[in-house]
Amino acid sequence: MKTKITLILFMAVSIIGLSSCSKETIDSITRDTALNIITAGVWQKATKTISGNSDNTLNITTELLAENQTLNFDKDGKAWIKTTESDVQTSKNYNLSSPKKMTFDGMDYDIKENIVQSIATLTLINITASVRTEIVFKRKR
């Protein structure tokens, strides 16, 4: 009986504590969680597709990573592309402004996934006029 009362009191204090957080605090917690998920581990595949235009003839797909490359998002705002056989590294700037918005290599994107729930795929989408740019990052499972 004492355990149940303690549990109920703990839950009540937790609910009161969380409900007193401001929207900015909750957004920051969610953003930090999303950043932790993105920066944890390596991404083995990155595909960029540019499609659309007024007559729908534009469709260009590019692999951003070679077979021997991986990408790591570091918390310093750099996405490092590393080659496995050498010490060669290049970087691209990124900024995760919210759990649903990222600037990658100078372009603003919406994040398709709920990043807090999806850790294997990150899809960035930018639609400017009639041109859609999509980058899909994948981790091996």
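At 42% relative accessibility, Glu 63 counts as partly exposed, and this residue makes a convenient starting point for a tour of the predicted model. The side chain of Glu 63 meets that of Lys 45 in a salt bridge, with a distance of 3.5 Å from N to O. This pair links distant parts of the chain, since Glu 63 belongs to strand S2 (residues 59–63) and Lys 45 to strand S1, 18 residues apart. Lys 45 is itself partly exposed, with a relative accessible area of 39%. That value lies between the 20% under which a residue counts as buried and the 50% over which a residue counts as exposed.

With this pair in view, the overall layout can be described. The protein chain has 2 helices and 9 strands. Read from the N terminus on, the elements run α-α-β-β-β-β-β-β-β-β-β, so that the two helices precede the strands. Of the 141 residues in the chain, 30% count as buried.

The pair of Glu 63 and Lys 45 is one of several such contacts, as the structure holds 4 salt bridges. Side chains of opposite charge can pair when their charged atoms come close. A further example joins the side chains of Lys 92 and Asp 105, at 3.6 Å from N to O. Here too, distant parts of the chain are linked: Lys 92 sits in strand S5 (residues 89–98), while Asp 105 is placed in the loop between strand S6 (101–104) and strand S7 (107–111), 13 residues apart. Both partners are partly exposed, Lys 92 at 27% relative accessibility and Asp 105 with a relative accessible area of 45%. Another salt bridge is formed by the side chains of Lys 101 and Asp 110, with 2.5 Å from N to O. Lys 101 counts as partly exposed at 42% relative accessibility, and Asp 110 is likewise partly exposed, at 37%.

Asp 105 deserves a second look for its backbone. Most residues other than glycine have a negative phi. Asp 105, however, has a positive phi of about 55 degrees although it is not a glycine. The residue that carries this value is found in the loop between S6 and S7. Ala 129 also has a positive phi, near 55 degrees, and is a residue other than glycine. The place of Ala 129 is again a loop, the one between strand S8 (121–128) and strand S9 (131–138). Ala 129 counts as exposed because its relative accessible area of 77% is over the 50% cut-off.

Lys 45 returns in the description of the largest pocket, which has a volume of about 210 Å³. Of the 13 residues that line this pocket, the closest to its centre are Gln 44, Lys 45, Ala 66, Glu 67 and Lys 140. By class, the lining has 6 charged, 5 polar and 2 nonpolar residues.

A nonpolar feature is found on the surface, where Leu 7, Phe 10 and Met 11 form a patch with about 330 Å² of accessible area together. Leu 7 lies in helix H1, which covers residues 2–19. The relative accessible area of Leu 7 is 48%, so this residue is partly exposed. For patch membership a residue needs over 30% relative accessible area, and the 48% of Leu 7 is in keeping with that cut-off.

Finally, two pairs of residues show how positions separated in sequence are placed relative to one another in space. Gly 41 lies in the loop between helix H2 (23–39) and strand S1 (45–51), and is partly exposed, with a relative accessible area of 44%. Gly 41 and Asp 74 are 33 residues apart in sequence, and their C-alpha atoms are 9.9 Å apart in space. The other pair begins with Ser 97, a residue of strand S5 that is partly exposed at a relative accessible area of 45%. Between the C-alpha atoms of Ser 97 and Arg 31 there are 7.6 Å, although the residues are 66 apart along the chain. Strand S5, which holds Ser 97, is also the strand in which Lys 92 is found.

Technical notes. Residues numbered from 1 in each chain as written. Predicted model: local features only at pLDDT ≥ 70, side-chain atom pairs only at ≥ 80, totals over all residues. Heavy atoms only, no water. 1 Å grid on protein atoms, 1.4 Å probe; cavity = no way out; pocket = protein on both sides within 12 Å on 5 of 7 lines; lining within 4 Å. Points joined across faces, edges and corners; volume = space filled by probe spheres on them. Nonpolar A, V, L, I, M, F, W, Y, C, P; charged D, E, K, R; others polar. Patch = residues over 30% accessible without salt bridge, like charges linked within 9 Å, V, L, I, M, F, W, Y side chains within 5 Å. Areas by Shrake-Rupley, 256 points an atom, 1.4 Å probe, with all protein chains shown as cover. Helix = DSSP H or I, 4+ residues; strand = E, 2+ residues; numbered from the N terminus. Buried < 20%, exposed > 50% of the residue type's maximum accessible area, 1.4 Å probe, protein only.
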